[in-house]
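Hi,

Here is the structure I promised to pass along. Have a look at it first, and then read on for what turned up when I went through it.

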Amino acid sequence: MKKTLSKSTGRKTGYRSEGLRGESRTEGLREESRSEGLHEESRKKGLCEESRSEGLREQSRAAEPRQKSPGNWRETSYPVMEHFYTIQGEGAHAGQAAYFIRLAGCDVGCWWCDVKESWDESIHPRIDTLDLVRAAAESGAGFAVITGGEPLLHDLTPLCQGLHEAGVRIHLETSGSSPMSGEIDWVTLSPKRFKEPLDEIFPLVDELKVVVLTRKDLQYAEKNAARCPQKTRKMLQPEWDTPDSIPLIVDYVKAHPEWSISLQTHKYLNVP
Ligand code: SF4
């Protein structure tokens with residue numbers, strides 16, 4: 001089904017039907033501006049405490065209260081740490097080309113977070129939603145991944161409207177700890193004990209991805225899985241700097257084959 005991106009220009013846009021990849025992109029998008037386009041049991045409690053405190057400090061500098069979006073998604077912008085075309089490294093869609101939009105701001109404060117520079121949204125530029133949409137659509141990616149940071153600190157409605165009008169499918173990676181917004185095609189919930197998911201996210205979850213450091217995380221994974229729909233893909237991912245979690249996960253998946261292992265393959269591939 002064709003969708004219209006811009007009534008004002010009369011250009012037809014978003015020629016991709018959902019799920020179809022690589023079809024020609026809209027004239028409008030091409031013609032418009034080219035702009036950018038364990039807990040390691042051995043870890044000291046003190047480190048966790050320190051890192052948690054750091055997270056909480058950062059929290060106070062995180063996102064402004066969510067603002068109501070104007071009716072027209074073209075008039076909106078987001079604080080963006082980075083956006084780029086790459087390979088989805090993790091989870092159920094690992095190995096597939098994807099356009100990543102990493103929104104800035106996070107109030108969760110995981111001490112092992114590998115994108116701490118995303119936490120403070122004030123140090124990142126705001127980018128027009130239109131430019132993000134153009135970049136994602138022009139990349140030819142099969143889908144866009146909205147991630148963070150914690151992307152649900154922002155109202156994702158305009159960004160999703162824009163991406164869908166351009167025919168781009170949308171995957172969301174979230175801790176689920178802030179209210180849901182936007183129309184999402186694939187929801188990946190990565191719950192964090194530091195700030196628990198809200199109840200409202202669970203019925204929407206397509207993929208549950210739990211970062212594992214210790215045995216406690218396996219229990220935490222089951223607790224969250226019990227709240228997700230039956231069809232949810234259940235994945236356990238070793239924390240990158242905690243290799244001791246790998247044998248734990250391997251044994252667990254062998255004993256509980258409804259779970260799969262997610263690896264951060266982008267780090268092996270040396271792509272962002
Ligand atoms: Fe980092 Fe994600 Fe945890 Fe936020 S929720 S601190 S971005 S790992």
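A warm-up to begin with: does K231 count as buried or exposed? With 7 C-beta neighbours inside 10 Å, K231 counts as exposed, because a residue is put in that class when 12 or fewer such neighbours are found. You will find K231 in the loop that runs between α5 (215-225) and β10 (233-238). Its C-alpha atom is 8.7 Å from that of E207, although the two residues are 24 apart along the chain. E207 will come up again below.

Please keep in mind that this is a predicted model.

The overall picture

The chain contains seven helices and eleven strands. Of its 272 residues, 42% are buried.

The parallel strands

I would start with strand β6, residues 143-147, where five of the five residues are buried and the strand is mostly covered. F143, V145 and T147 point one way from β6, while A144 and I146 point the other way. The residues on both sides are buried.

β6 has partners that you can follow by eye. Strand β4 (residues 97-103) pairs with β6 in the parallel sense over four bridges, and there R102 stands opposite T147. β6 is also joined to β7 by four bridges, again running parallel, with F143 opposite R169 of β7.

From β7 (residues 169-174) you can step on to β8 (residues 186-189), since these two strands pair in the parallel sense over four bridges. Here E173 faces T188 in β8. The next step leads from β8 to β9 (residues 207-212), a parallel pairing over two bridges. T188 serves as a landmark here too: its bridge partner in β9 is E207, the residue whose C-alpha atom lies 8.7 Å from that of K231.

An enclosed helix

Helix α3 (residues 129-139) is largely enclosed by the rest of the structure, because nine of its eleven residues are buried. Those buried residues are T129, L130, L132, V133, R134, A135, A136, A137 and S139. Just after the helix comes G140, which has a positive phi near 85°.

α3 packs against helix α4, so a word on geometry may help: two packed helices are described by the angle between their axes and the distance between the axes. For α3 and α4 (residues 157-165), the axes come within 9 Å and cross at roughly 40°. The crossing is right-handed. On the α3 side the contact involves T129, L130, L132, V133 and A136, which meet P158, L159, G162 and L163 of α4. Sorted by class, this contact has seven nonpolar residues, two polar ones and no charged ones.

The ligand site

Which residues are around the ligand? They are C106, V108, G109, C110, C113, V115, S118, G148, G149, E150, S175 and K192. This shell divides into five nonpolar, five polar and two charged residues.

If you would like a route through the model, try the strands from β4 to β6, joined by four bridges, then on to β7, and then turn to α3 and its crossing with α4. The ligand shell, with C106 and K192 among its residues, makes a good last stop.

Best wishes, and happy browsing!

Conventions. Residues are numbered from 1 along each chain as its sequence is written. This is a predicted model: local features need pLDDT of at least 70, side-chain atom pairs count only at pLDDT 80 or more; totals for chains, interfaces and linings use all residues. A residue is near a molecule or strand if its C-beta atom, placed from the backbone, lies within 6 Å of it. Ala, Val, Leu, Ile, Met, Phe, Trp, Tyr, Cys and Pro count as nonpolar, Asp, Glu, Lys and Arg as charged, and the others, Gly among them, as polar. Two strands pair if DSSP finds at least two bridges between them. A residue is buried if 20 or more other C-beta atoms lie within 10 Å of its own, exposed if 12 or fewer, and partly exposed in between; C-beta atoms are placed from the backbone. Axes are lines fitted to C-alpha atoms, for helices over the stretch in contact, and angles run from 0 to 180 degrees between N-to-C directions. A crossing is left-handed if the near helix is turned anticlockwise from the far one by less than a right angle, and right-handed if clockwise. Two residues are in contact if their C-beta atoms, placed from the backbone, lie within 7 Å.
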